[in-house]
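Okay, thanks for coming, everyone. I'd like to walk you through a structure for a few minutes, so have a look at the screen.

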Amino acid sequence: MSAQAAAPSWPWHRGEVALQEHVGIAGRMAELGPRMIRDHLNAQHQAFFPLLPFAVLGSVDGEGRPWATLREGAPGFLHAPDPLHLRVESPRDADDPAEAGLGDGAGVGLLGIELATRRRNRLNGRIERSGPEGFAIRVKESFGNCPRYIRVRHEVDPDRARESGPRPCVSDRLDAAARAVIAAAETFFVASAVEAADGGWQVDVSHRGGPAGFVRIGADDCLTIPDYSGNRCFNTLGNMLENPRAGLVFPDFTTGDLLQMSGRTKIVLNPVEGERSEGAERLWRFVPERVVFRAGALRLRFVTDVA
């Protein structure tokens, strides 16, 4: 990486700039960044989030492990009382490993995604919590994402009551059921984080998608994930370059099951022949250190658009 990569400016940090420099776009992204990323919710985003029945959250627990999770509610459970805050009406969930990182003052990432239209918007900021029934996020960065690689799905049976499932299954390995979820997945979400200037965490959570099997499972439970061309911000990989820990969540939208993992990553910028997936520019690997399977954790159900 060049010396230019060591001189980040808002909204990019050092890891993001390093990868932008690697592909030769750091100068352009320095110009675009302040126009792409805002420190508030614009009118479109304020109107968008209340439409959603679920959101993806990223947090970091007390041991520095990132976790990704899904939280759901009737449309309106996400709402913006003003341009600087997004309110999340979601009660505490002791079964969710991400809960440990959702305390007052903690850094958090949030992704709103409308599967039927493939529209998605992201934000990160700090939690402001005054009780157990929900919290506000004080917006630090807010931006939109393109719809690429999102599998179109439509909600079904929206009034289904959440059924009480078994206690979460916690392990440090992938069992056969977890491997089956990953092998069939066309969608997962990844949380990553870097240390912020104030000593807390700056957290991001993002979407990854592809055809079933696009996440390959190798020896020692190592997952290999292709990195396709995107918005060139390198939020996720830039975080991983600075801090290799990450959290993954694989939702099964037909059963409501969630497979959550926290572990370590390695970026492969120049894969050798035979490693690169079709259409991917690079790849990254993930080795789980803690695995949590939560059967029936979601009330929501979606069916895939086969058209």
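Let's start with a hairpin: strands S14 and S15 make one, with 6 residues between them. In that turn, look for Gly 256, which has a positive phi of about 85 degrees. Before I go on, please keep in mind that this is a predicted model.

Back to the hairpin. S14 and S15 run antiparallel to each other, paired over 7 bridges. If you want a pair to click on, take Phe 250, whose bridge partner in S15 is Leu 259. S15 also has strand S16, residues 280-294, as an antiparallel partner, this time over 11 bridges. There, Leu 258 has Arg 294 of S16 as its bridge partner.

So how many of the 11 residues of S15 are buried? It's 9, so the strand, residues 258-268, is largely enclosed by the rest of the structure.

Now to the pocket. The largest one has a volume of about 220 Å³. It is lined by 13 residues, and the closest to its centre are Arg 153, Ala 184, Pro 251, Asp 252 and Phe 253. S14, which we just met in the hairpin, is back here: strand S14 (245-251), helix H4 (176-184) and strand S17 (301-304) each put at least two residues into the lining. As for chemistry, that lining has 7 nonpolar, 3 polar and 3 charged residues.

What about enclosed space? Searching the whole structure turns up 3 cavities of 30 Å³ or more. The second largest holds about 60 Å³ of space. Its lining includes Glu 16, Asn 124, Glu 141 and Phe 143. Which strand gives the most to that lining? That's S11, with 3 residues. Strand S7 (134-145) and helix H5 (235-242) are also among the elements that supply at least two each. By class, we get 2 nonpolar, 4 polar and 3 charged residues around this cavity.

Two of those lining residues, Glu 141 and Phe 143, bring me to my last stop, Ile 37, which is in contact with both of them. Ile 37 sits in the loop between helix H2 (26-36) and helix H3 (43-48). Is Ile 37 buried or exposed? Its relative accessibility is 2%, and buried means under 20%, so Ile 37 counts as buried. Beyond its sequence neighbours, Ile 37 also touches Trp 10, Pro 11, Trp 12 and Ser 142. And Phe 143 is 106 residues away along the chain, yet the two C-alpha atoms are separated by 5.0 Å.

That's my tour, thanks.

Methods. Residues are numbered from 1 along each chain as its sequence is written. This is a predicted model: local features need pLDDT of at least 70, side-chain atom pairs count only at pLDDT 80 or more; totals for chains, interfaces and linings use all residues. Side-chain values use heavy atoms; hydrogens and water are left out. On a 1 Å grid over the protein atoms alone, a cavity is a set of points where a 1.4 Å probe fits but cannot get out, and a pocket is an open set with protein on both sides within 12 Å along at least five of seven lines; lining residues have an atom within 4 Å of a point. Grid points are joined across faces, edges and corners, and a volume is the space filled by probe spheres set on the points. Helices (H or I, at least four residues) and strands (E, at least two) are DSSP runs, numbered from the N terminus. Ala, Val, Leu, Ile, Met, Phe, Trp, Tyr, Cys and Pro count as nonpolar, Asp, Glu, Lys and Arg as charged, and the others, Gly among them, as polar. Buried means under 20% relative accessible area, exposed over 50%, partly exposed in between (1.4 Å probe, protein chains only). Contact means heavy atoms within 4.5 Å. Two strands pair if DSSP finds at least two bridges between them. Lists of a residue's contacts leave out its neighbours within four places in sequence.
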